[in-house]
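I opened the model to look up how one helix sits among its neighbours. My notes follow.

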Amino acid sequence: MTLNEYRNLRGWTYSELARMVGAPHATIVRRWCLPEDQPHHKKPSARYLSRIMKMTDGAVTANDFYRSV
């Protein structure tokens, strides 16, 4: 499941998600939620990825930030 899918299922805004994982700004989280082929897409650092996996109880993992080929 992608982070954006998880966010939408919970009804969270980018700002709410940013606060939950300790990101400094909602824009950073929005970039994590963009599809990988979008030019502004970013992958979270290991520190934030660990927080995301913990917060989602493993529903979102590192592999979810990479497209299957």
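I took the pair α2 and α3 first and read an angle of about 100° between them, with their axes 8 Å apart. The model is a predicted one. I put α2 and α3 down as roughly perpendicular to each other, because angles of 65 to 115 degrees count as such.

Next I listed the residues in this contact. From α2 I noted Y14, S15, L17, A18 and V21, which meet A26, V29, R30, W32 and C33 of α3. Sorted by class, the contact of α2 with α3 has eight nonpolar residues, one polar and one charged.

I then turned to α4. The axes of α2 and α4 lie 9 Å apart, at an angle of about 105°. I therefore entered α2 and α4 as roughly perpendicular to each other. Here L17, M20 and V21 in α2 meet Y48, R51, I52 and M55 in α4. The class count for α2 with α4 came to six nonpolar, one charged and no polar residues.

Which residues of α2 are buried? In this helix, residues 14-21, I found L17, A18 and V21 buried. Viewed down the axis of α2, the buried residues fall within an arc of 105°, so I wrote that they line one face of the helix. A general reminder for the margin: an α-helix has 3.6 residues a turn, so residues three or four places apart point the same way.

I also checked what the buried residues of α2 pack against: α1 (3-10), α3 (26-33) and α4 (46-55).

Last, I looked just past the end of α2, where G22 takes a positive phi of about 80°.

Definitions and conventions: Residues are numbered from 1 along each chain as its sequence is written. This is a predicted model: local features need pLDDT of at least 70, side-chain atom pairs count only at pLDDT 80 or more; totals for chains, interfaces and linings use all residues. Side-chain values use heavy atoms; hydrogens and water are left out. Buried means under 20% relative accessible area, exposed over 50%, partly exposed in between (1.4 Å probe, protein chains only). Helices (H or I, at least four residues) and strands (E, at least two) are DSSP runs, numbered from the N terminus. The arc is that of the directions from the helix axis to the C-beta atoms. Contact means heavy atoms within 4.5 Å. Axes are lines fitted to C-alpha atoms, for helices over the stretch in contact, and angles run from 0 to 180 degrees between N-to-C directions. Angles under 35 degrees count as roughly parallel, over 145 as roughly antiparallel, 65 to 115 as roughly perpendicular and the rest as oblique. Ala, Val, Leu, Ile, Met, Phe, Trp, Tyr, Cys and Pro count as nonpolar, Asp, Glu, Lys and Arg as charged, and the others, Gly among them, as polar.
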